[in-house]
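Work through the exercises below with the sequence and the structure side by side, and try each task before reading its solution.

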Amino acid sequence: MYILTPHQKKALEYKHHISLSANAGSGKTFVLTKRYLQIVEKEEISLREVAAITFTEKAASELYKKITSEVEKILNSNLTQKKYEKWNRIRRELVSAHISTIHSFCVDILKQFPVEANIDANFTPIDTINSDELIELSIEDEIKKSFNDKVKSDDIKRIIRIVGSKFNLSNILTDIVKDRRKLPFINDLFSINIDETISNYSKKYIEYLEKIFANDILKIKDKIEFINELVLSKKNDNTFGVEIKNLLSKINSDRSTKENLITFKDIGGHLLTGSYEVKKRGYSQNILSEDNNDEIFFIEEFYSKLKNFNFEIDEAEINKKLADFTLSIAKTSQNCIDNYEQRKNEKGLLDYEDILLHTKKIISNPNVLDELSKKFKYIMIDEYQDTNEIQYSIFLPILDYLKKGNLFIVGDEKQSIYRFRDADLNIFNKTKEDIKELEGNDFLLSLPDSFRMSPAIAAFTNHVFQNIFINPNPLYNEVEYSELVCANDDDIEGKIELLITDKNETEEGKSEPELISKRIIKLISNDKWEIKEKDEKRTLQWQDISILCRKRKYFKELENTFIKYKIPYTIVGGQGFYQRQLIYDVHNYFSFLLNSKNNTALIGILRSPFFNVSDASLFEISLRKGDCYWDKLNDYSTKNIKVKKVVEQLKENLKLVSNSDYSFVLRKIISETPFISTLSSRINGKQEIANLNKLISITNNYSQNPFTTLYDYVEFLSSAINKISDEAQSNLSVESSAVKIMTLHQAKGLEYPAVFLYKCGEKEKFRSKNIIIDRELGILTKLPSDEGYFYEFTEPPLLSIYNVINERKEQAEMKRLLYVGVTRAKNYLFISAAKSKNYENSFLGSLIPSLNYNGNSNELKFTTKLNYLVTDGSNYKNIIKDIHLVIPVVQSVDDISEIIEINNESVKDDKEINPDTITDSQSEEIISATKIAVYSQCPQKYNFTYDLGLTKLYENYKRAISENPSEKGFEFTSKESNGDNDNNVFINNAYPADLKGKIIHRILQENINLSALEEYLNKVLIDSNVNNKAKNNFVDDIKNDLTFFYNSNIYSEINSSKDYKNEYEAYLKENDYYLFGIIDKIIFNENSITIIDYKTDNISEVQINDRIENYLPQLKFYSYIILKLFPSVNKINIKLIFVKHPNNVFSKSITKEDLNSFGLFLKKSVENTRIHNYSKNLKHCSKCLFTDLNGNCIKK
C-alpha cells in the first residue's frame, strides 16, 4: 500500500487555499487525485461544484482516468451501505464532472450565459484553418479600405514604409489579431494625447533603467576599479588605465542611473574590445590571471546589457515617432479585429482566443459572477506555472479573490517553458502572494521528493542546477532552485554520459546522429543495463529510450540515421503530418481523379507505393503518343500487361469517384494496391500506418460535412499541405517497441528509463519580431531616422529595454527547458553535442561551469551530497549520503559492425515467408450499434453494406430505374459508421434524403429553441446549391416536424431532466473488439438510466410497429454497453421517439438478465462477420435495398 509522504499529506489540507510547488516526479497528479476525492467524500457537495483544470486535453483525460480508477477501487472495497451509496453517486456524477482544460471550462460557461456574453447561443469553436482564412480576409479588406480612404491612406502608406512591405504589414497585423488580448493594455498604458504618450515613454524608460542597472552600479564600479588598479600597479602611466580612473571618479550614487550609465559607456570605450571583452593588448596583457575571472565575467556581463543602449539619440524625437506609429498601428489593428469579429458573428463562430476573452468579459457581470461563485466551491489548477493573466482574471474573481471558496494551484516554476504561448511566471508569483496574504507562509507548500529519478540522476540534477539557477532575478523570469530529494527505491544507481562528436557533422559516419545511433545499438545489444518495471528488473529495450530535441528540424537527420542502422523509431506528436509523403501520394491520386490531364499528379502516383512504376518505365511512357500523360499511359498499356492493370484500376476509379463518396474511394485504392504493405515494410512502418489511419479518419470526418465534393476534398488537402505545418502526426502507443523521438516540450510530463538530449551544443539564437506588443512597454519597433525611410532605422529607448529583458528571459527559459530534459530521465542520461570552441547560449554552455569540462577530458568526476527519502516502517525518514559521480566523455563507439549485423539479422528474423493463402484474422475492430442493427436485419445485408460497400451503387441504380423508388431506408446513426452511407448527393436540385435527419439530430443535440430555428437552418444551408423554393420547402418541413415535437408531452418530460448528456459517446472493450455507440440523449436518474433515441423516418403511424422491431437491436446494444459501464445500475429505460409522431413513443425497461442472450448474439455476430459467414433473412427482402426488380435478394 502506498504511504503518503509528509509533504503530500499537508497538500491534502483542503480547508485552506494552497500553492504547491512540485518537483519533477514528485507525484503531483497523485496529490491532485487524492485531494479531489477527499473533497467529494468529506463535503456534501455535487461534483459539479469542483473544477479541476489542466493544461492539456491529454492531462485532463489522465486525471479523469485516475480519479475514475480510484473510485472503482473504493467501490470494490469493503464499504458500509451508506458509504457505497455515496461513492456510487460520485461515480455517476463523474460523467458530468468539471475535469477539463481552461478552454473547455470557459466553453461551458459561455454555453450557460450566451446572452450575457452577447454571442450566438449555438456558437461553434472555429478551427485554425478557418480562423486564419477569416483573419487574412479581414486584413486584406481593411488594407484595401484604407488605401481607398483619403483620411486613412497616408497613415497606411506610412506604416508600410516603416515595416517594409504590404506583405510584412499583413503578417504583423495577423500576429496582433491573434494576440489581441494585449491591445487593451496598450490603450490603458498610453493616452490618445501624443504629449502624454511621449511623457509615459520617458517615465517607463527611466523606471526600467533603474530596474536593470541600479543595483549593479556600485558593484560594477568596484570590479572595474579592482581590475584597473591591478593594471596601474604594474604601469602607473597606462593610457587606458589613467582615463578609466578619471571617469570612475565621476560615478556616484548622487547622480541618476542614466547619467552613471553614460559614463560607464565612456569607460567601456577604453576598457573593452569591439567584441565587449576586457582588453589585453595595451592594457591587461600578462597582468590578469584566472584568479580575476569572476571580476572579468561580471564586467563583460554588465556590458553585454549596456551595449544595447544608445544614449546619443534624440529621445524626444524618436519617442514622438513611436507614439505616432503606435496610434496608427493600434487603430489599423482594431479595425482588422472589428472586421474579423463581424465575419465570425455572421457565422456564429468563436476562435480559441475569443473563448477566454468572452469569459473574462462576462465575469465582470455581477449576476454571472454571483452564480459562478455559488456554483464553484473548489477550484484546482494544475501546471500553474504555464498560466497567464487572462486565466488569473477568470478564476480569482469567481472565488472573490480568495474571500470565497477554495483555490489549490500546483506547478513547478523550474518547468515553465511555454512563454511563447504567453505563459507568465509572474502570475504564479502573484497568486502565491495572494495566498500568503490570506493564509501566511504555512500554505505555500512544496513537494521536494522525486520518485522518478535514480540517485545518480537526482544528484547530477542538484549539482548542476543549483549553479545554473543561482541568484535569480524575477525581472528576467529567473527562478530559484529547489533541491530534489531522492525517493526512488528501484535499487538502480543510474548513469550519465557525455557524447561529444569530434568531427564535422557532415562527415560520413562521424556525425552526432551517427554517434547516438551506435551508442543506442551498443546499449541494447552489449551493455544490457537494467531497469525496473512493475517491481521486476529487466534489461533496456528500444521502447525505454527517448531522444529529446529542442527543435523539430532535427528529427529528419535522426530518422535518416536510424533507418540506416535499422533502429526502430517513432516520432511522438511530430508535426508536419500533412507534409508526409503518404499525404502527397493520396493528394496526387485524388488530384488525378479530379482531372485526368494533371500530368504531375499522375506521374506522382505511378512512382508512389500505389503502383511502384520505375523511372525507366515512366521515361518510356513519356515517349508514346498522346496530348497528355494519361493518353500516353493508355497507349503504352496495350503492350505492357503490368501497366494495363494499372490503367484498368485507374479507369475504374475515375468512373467510381463521380458517384461514390471519396472516403470510400480512399479505402478502396488503399486496399487494392501495395500501398499499405510498402508503408509497413519501412523501419518506421508503424508510424506510417498510424498516419494513414489518421488520414482515413480525417477524410471520413470531412465527408460528413454537407455539400462537400471531391473538388473540396482535393482543395482541403492542398491547403493543408501548404499552410498547416504544425499538425501532429498520429501518436503511437507509448508501449510500441521503438525509440521515441520528440521535442522537449512534448516530453514534459513524461519519463523514460534512458534519455538522450540531442544537439546540446547548438547555440540558441534569440530573435525579436519586427513589431513587439508588450503589456508593460507598449507597441515597439525600429523607426526611420528621417522621413526618407532609406537610411538607418533607430531603436527607440523602450525597444532597447525590451531587448535586454527579453534576451535574459529567453536565456532563463532555455535553462528551464534543459531542466525539463534532464529530469525526464529515470535511470540513464546521455548528453550529446558537437565539439565547439564556444558553447555560449547552449545547453552544454549552461552545464560546463558545474562540470568543469575543458573539451579534452575523457571523464568528469565529482562528489556531492544527496538527500534520500526512505521508508521506516509505516513512516518516512530522510538520510543524507555522499554520491560519487563518474561521467564518461564518449567521442566514439568501439567497432560495432558485428553488433549492427546482429541487429540487422534480428530485424530480418522477425519476418517469415508463408506460402499459404492469406486469411483475414481481425481483432481490436470497432463494432458500432449501426452495424449490429443492420446485421440483425439480415447478415447478408451487412455484407453488402460494410464489406462490399454497395449501398451508394444500388441507391443510384434504384434511382435510375424508378422515378419514384419505394422508401426502404432505415435511419441508423451514420456517425457511427465512419461515413459508409453518408453521401450528400443533390438529385434534381433537391436535398439528399438523409440530410433532414442529420440536421434534426444536430438541432436536438444543441437544444435550439423554436424562435432560433429558422435562423439556424438558413445558416446551415447557406452554401447549398438548391433553388430557393426547394430550400424553403425543406426548411418548412423541418420546422413543422419540430414544432409538433416541441409541443408534445414527451418533449416536456425529457427536457425537464437536469442530469443528461446529448450525443453521448459510449465505448466498451469486449473480448478482443470494441463496442461503440452514439446515444442521442442519456438521462442519469437516481437508480436508473434512460436512453433516448430519436428517429426522423418519414413514415405513417401504421408503419411504426414495424420500425420499432428493426430499431430495437440498436437500443439493446446501447443498453448493453451502458450496463457494463455503470455496473451499479440495475435497470435501463429505453425510449424510441419518432419526431414526426411524438405521441407514439415506444418505452421499455431492460435489466441485466434481459441482455444475457443479447450478449451471446453480439459475440456470435462478430465471429460470423470475421469469417464472412453471412446467411440470408428472406423476410427482410421486402424492406431491403439490395433486391432486384422482382423484390428478390441480389445474392443468388
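A charge sits over a ring if NZ of Lys or CZ of Arg is within 6 Å of the ring centre and within 35 degrees of the ring normal. The model used here is predicted.

**Exercise 1.** Find the ring over which the charged end of Lys1095 sits, and then describe the aromatic pair to which that ring belongs.

Solution. Begin at Lys1095, whose charged end sits over the ring of Tyr1111, 4.2 Å from the centre of that ring. Tyr1111 in turn forms an aromatic pair with Phe1138, with 6.4 Å from centre to centre and 45 degrees between the planes, and the pair is tilted because an angle that is neither under 30 nor over 60 degrees counts as such. Next, place the two residues along the chain: Tyr1111 belongs to helix H45 (residues 1104-1125) and Phe1138 to strand E29 (residues 1131-1138), so that the pair links distant parts of the chain, 27 residues apart. Finally, both Tyr1111 and Phe1138 are buried.

**Exercise 2.** Classify the aromatic pair of Phe264 and Phe302, and name the cluster that contains these rings.

Solution. The count for the model comes to 44 aromatic pairs. In the pair formed by Phe264 and Phe302, the centres are 5.5 Å apart and the planes make 65 degrees, which is edge-to-face. This pair also links distant parts of the chain, since Phe264 is in helix H14 (residues 257-271) and Phe302 is in helix H16 (residues 293-306), 38 residues apart. Phe264 and Phe302 are both buried. Ring pairs join them with Tyr205, Phe213, Tyr303, Phe309 and Phe311 into a cluster.

How values were computed: Residues numbered from 1 in each chain as written. Predicted model: local features only at pLDDT ≥ 70, side-chain atom pairs only at ≥ 80, totals over all residues. Heavy atoms only, no water. Phe/Tyr/Trp six-rings, centres within 6.5 Å; stacked < 30°, edge-to-face > 60°. Helix = DSSP H or I, 4+ residues; strand = E, 2+ residues; numbered from the N terminus. Buried < 20%, exposed > 50% of the residue type's maximum accessible area, 1.4 Å probe, protein only.
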